[in-house]
Every structure is written in structure tokens, then in C-alpha cells.
Amino acid sequence: MGPLALEWLNLIFRWAHVIAAIMWIGDSFLFMWMDSSLTAPTREREGAVAGELWMVHSGGFYEVVKRRYLAPAEMPKHLHWFKWQAYATWWSGAFLLVVVYYLGGAAFLTDPAISSIARGPAIALSLAIIAASWLIYDAIWMSPISRQPRVALAMSIALIVGLVYVFTHVYGGRAAFLLSGAAIGTSMAANVWRRIIPSQNHMLAATRAGTEVDTSYGVRAKQRSIHNHYVTLPVLFTMLSSHFPSTYGHRYNWIVLLLVMVVGAVAKYVMNFQARSNKLVVTLGVAALLLVIGMTVQAQSPGAAGAGFDNAPPVSIAEAQAIVQRRCLTCHSTHPSNPSFSQPPSGIILETPERMHLLAPRIMVRAVVTKTMPLGNITGMTEDERRTLGAWIAQGAKTE
């Protein structure tokens with residue numbers, strides 16, 4: 001498939017994915033907030049009322065009443081379901097994964113410096129891990145272990161840790177972060193498809209039949225909904241992580257991603273409980289945030305980036321430019337020779353000494369510190385070449 005066609009598919013599916021995700025995550029935020037804001041009924045109400053809530057928005061007032069289940073006489077003519085947002089998010093994300101990482105060439109997916117896995121096996125393995133992660137997670141929460149929520153939660157967290165570790169040690173950092181989010185996002189969508197919606201259907205079927213409604217189905221559906229809710233911010237980060245090479249390009253990127261996930265989950269917890277938040281949980285989130293900032297900032301600070309180049313021999317612009325021409329211009333030129341790109345990625349052009357000087361800090365971060373460029377090291381930049389570029393930049397990135 002040509003680069004222009006891939007670019008348009010990327011645009012279409014990315015746009016659809018973001019729109020669907022906004023709707024799905026927005027629903028999750030709203031309903032969790034409503035549940036936490038319910039109050040006891042202010043007047044006598046019929047049915048299995050769990051609470052009520054009054055809201056004002058866009059010039060109108062809304063009265064919300066939550067019921068644990070419906071009686072036959074309470075069945076409405078129109079019942080609004082919240083499921084298509086989840087399905088649309090997953091399908092658009094799946095197509096985007098295929099377009100960018102599977103059809104876009106191995107440069108986005110694998111990195112020879114991390115593993116020697118070929119493109120075909122890499123694709124097959126990623127799909128197998130994504131599917132297995134849902135099956136294992138679901139098995140935990142469908143088994144008797146779920147009667148001990150803390151044990152089941154610990155096992156689920158261990159599953160995520162293992163998932164992130166495996167992905168970051170098989171795939172390139174950028175792909176590893178995205179695949180981690182894809183695996184968790186798949187479990188979220190599967191929760192809706194296989195557990196939440198069927199549970200609600202079971203309860204409604206009992207209502208229509210006029211038989212006793214088993215509210216345990218509602219409890220289990222709510223449990224999966226809460227699981228989805230607390231991983232929304234971590235999954236959002238994995239969607240955006242390709243813009244932050246200091247995270248996926250870090251030497252210990254699997255730890256960085258796990259710390260960010262902790263920060264995201266704790267942030268969502270604080271959003272839900274606000275002043276009622278457990279101080280230990282908040283402290284954990286703050287500690288994780290400070291640690292991940294420390295890990296990424298220290299690696300890219302001027303002192304750290306220039307460390308090791310103090311005694312390096314002088315590097316001329318001719319030496320630095322020769323490396324850039326061999327390793328970078330296949331993509332970062334006015335007319336890239338890499339068939340994956342019709343235009344230079346992010347508009348970055350490195351054809352002249354002046355452009356190299358102007359973009360020297362970026363070259364230092366991407367090619368020397370995080371080693372996230374060239375993509376998947378497709379052009380085979382060596383460690384000696386990275387050190388030479390780093391020395392040229394540390395010596396002032398001179399163009400003469």
C-alpha cells in the first residue's frame with residue numbers, strides 16, 4: 001500500500017478513534033461521578049431506588065433516579081444503552097493499529113537493538129498476547145478467586161506488569177507502549193461486550209418475564225465497569241505516548257510506563273473521591289509522579305546528555321553530517337527515499353549543516369540519549385556513530 005494511502009487511512013481511523021474514545025471515556029467519567037453523587041430520595045418513590053441526583057446544564061434541570069433493577073411495569077418504551085461507544089473505540093483502534101504498526105513496516109513495530117524478532121512473528125505474537133491478556137484477566141474475575149477482591153486485584157496488577165515487561169523487551173519502545181494500551185483497551189471493550197451488556201440483558205429478560213431479578217448480575221457488571229474506569233487515563237497515555245520519546249525511549253521504559261499507569265489510576269481515584277481520598281493512595285500517586293519525572297528529566301538534562309563527551313576528540317561538521325546523511329536522510333529529507341513516508345516525518349529536515357545545528361537538541365534526545373531514532377534503527381546507526389553525534393552536539397554543534 002502506498003504511503004499516501006496509508007497516511008489517509010491513518011488520519012481517518014485516528015480521527016474516528018479519538019472521537020469514539022472521547023464519548024466512551026466521557027460516559028465512564030459521568031456515570032462514575034453520578035454514582036458517587038447519589039443521595040437518598042427526598043420523597044417516597046416506587047421501585048428499587050438506589051438514590052437520586054439533580055443536575056443543571058445548558059439552561060435545563062435534570063432529575064436522575066437510579067434503580068437497582070426494573071419491575072415489569074417500569075419498563076420504558078425507549079431504554080438508552082451505552083455500548084456502541086466502546087465498540088467503536090475498539091474497532092477504530094484495531095484498524096489504526098493495523099495501518100500504523102502492521103502495514104506501516106517493521107520500523108514502527110520492532111527494534112533490532114531490543115530483539116531479533118521478524119515482522120511476521122512480531123505481529124502474530126502481539127495479537128496472541130492481546131487475546132491472552134483478556135482471557136487470563138477474565139478467568140481471574142470469573143473464578144472463585146474473585147470472592148477475594150484484593151487477591152484478584154493483585155493478580156490483575158501482576159498481569160499488567162508482566163504484559164508491559166514482555167512488550168518492552170520484544171518490541172520497540174514506541175510500539176510496546178501502544179501495544180500495552182491495546183491489550184488493556186481490548187480487555188475494557190471485552191468487559192462491555194462479554195460481561196456488562198450480557199449482565200444487563202439477563203436482568204432485563206427477568207423483568208420482561210415477570211420473574212425475580214438476580215441483582216448479582218448488576219453487581220458484577222458494575223465491578224467490570226469500575227475496572228474499565230480506573231484504567232482509562234493509563235490507556236489514554238499509551239495512545240499519546242508516541243509524542244514523548246523520553247518515556248518509551250528510556251532505558252527502563254517498562255518501569256516508566258508502570259509508574260505512569262499508577263499516576264493515572266490514582267488521579268482518577270482522586271477525581272472520584274476528592275476530599276475523601278485515602279492519603280496513602282494519594283501519596284503513592286505523588287511518589288510515582290515524582291519518580292517518573294526524575295527518571296525522564298535526569299536522563300535528558302544538559303549535564304546528563306553531555307556526560308561522557310568532555311574528553312571526546314573534536315568532531316567536525318563533515319563527520320557529523322556524514323552520519324546524518326547515511327542514517328537519517330532516508331526519512332528526514334525534502335523527498336524521503338523511505339517508501340513509508342511521502343513527506344519528512346513531523347516536517348523534520350536535516351539536509352544542511354544549518355538545519356542540523358538548529359535541531360541539535362532534538363538530535364541529542366532522539367538519536368543519542370533515548371536512541372529512538374532512526375525508527376527501529378532501520379538504517380543501522382551504530383553506537384560509535386551515536387557517540388560521535390553526541391560529541392559534536394556537546395562541543396557546540398558547530399557548522400564550520
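Begin by selecting helix 1, residues 3–37. In this predicted model, helix 1 contributes the most to the lining of the largest pocket, giving 9 residues.

**The largest pocket**

Next, select the other elements that give two or more residues to the lining of the largest pocket. Besides helix 1, these are strand 2, helix 2 (84–102), helix 5 (173–209) and helix 6 (216–230). The space in this pocket amounts to about 1,600 Å³. Which residues lie nearest its centre? They are F31, K66, R67, F82 and Q200, out of a lining of 45 residues. Display these five as sticks to mark the middle of the pocket. To see the chemical character of the lining, colour the residues by class: 26 are nonpolar, 12 are polar and 7 are charged.

**The two strands**

Keep R67 selected and add V49, which stands opposite R67 of strand 2. This pair leads to the hairpin that strand 1 and strand 2 form. Select residues 49–57 for strand 1 and residues 60–67 for strand 2. The two strands run antiparallel, and 8 bridges join them. Another pair to display is V56 with F61, its bridge partner in strand 2.

Now move to the turn of the hairpin, where 2 residues lie between the strands. Select S58 there; its phi is positive, at about 50°.

**The loop between helix 14 and helix 15**

Continue to helix 14 (360–369) and helix 15 (383–394), and select the loop between them. P374 is found in this loop. Display M373 together with P374: the peptide bond that joins them is cis, with omega of about -5°.

In the loop between helix 14 and helix 15, select N377 as well. What is the sign of phi at N377? It is positive, about 45°, although N377 is not a glycine. Is N377 buried or exposed? With a relative accessible area of 18%, N377 counts as buried, because the cut-off for that class is under 20%.

**The segment after helix 15**

Follow the chain past helix 15 and select A397, which lies in the segment after that helix. A397 also is not a glycine, yet its phi is positive, at about 50°. Its relative accessibility is 3%, so A397 counts as buried.

**The whole chain**

Finally, clear the selection and view the entire protein chain. How many helices and strands are there? The chain has 15 helices and 2 strands. Along its principal axes, the C-alpha trace spans about 85 × 50 × 50 Å.

Switch to a surface display to consider what the chain exposes. The exposed area is about 21,600 Å², with carbon and sulfur atoms supplying 66% of it. Of the 400 residues in the chain, 43% count as buried.

A display of contacts makes a suitable last view. Among contacts with a separation of 6 or more, 64% are between residues 24 or more positions apart.

How values were computed:
Residues are numbered from 1 along each chain as its sequence is written. This is a predicted model: local features need pLDDT of at least 70, side-chain atom pairs count only at pLDDT 80 or more; totals for chains, interfaces and linings use all residues. Side-chain values use heavy atoms; hydrogens and water are left out. Two strands pair if DSSP finds at least two bridges between them. Helices (H or I, at least four residues) and strands (E, at least two) are DSSP runs, numbered from the N terminus. On a 1 Å grid over the protein atoms alone, a cavity is a set of points where a 1.4 Å probe fits but cannot get out, and a pocket is an open set with protein on both sides within 12 Å along at least five of seven lines; lining residues have an atom within 4 Å of a point. Grid points are joined across faces, edges and corners, and a volume is the space filled by probe spheres set on the points. Ala, Val, Leu, Ile, Met, Phe, Trp, Tyr, Cys and Pro count as nonpolar, Asp, Glu, Lys and Arg as charged, and the others, Gly among them, as polar. Buried means under 20% relative accessible area, exposed over 50%, partly exposed in between (1.4 Å probe, protein chains only). Contact means heavy atoms within 4.5 Å. Accessible areas come from the Shrake-Rupley method with a 1.4 Å probe; for residues, only the protein chains shown count as cover.
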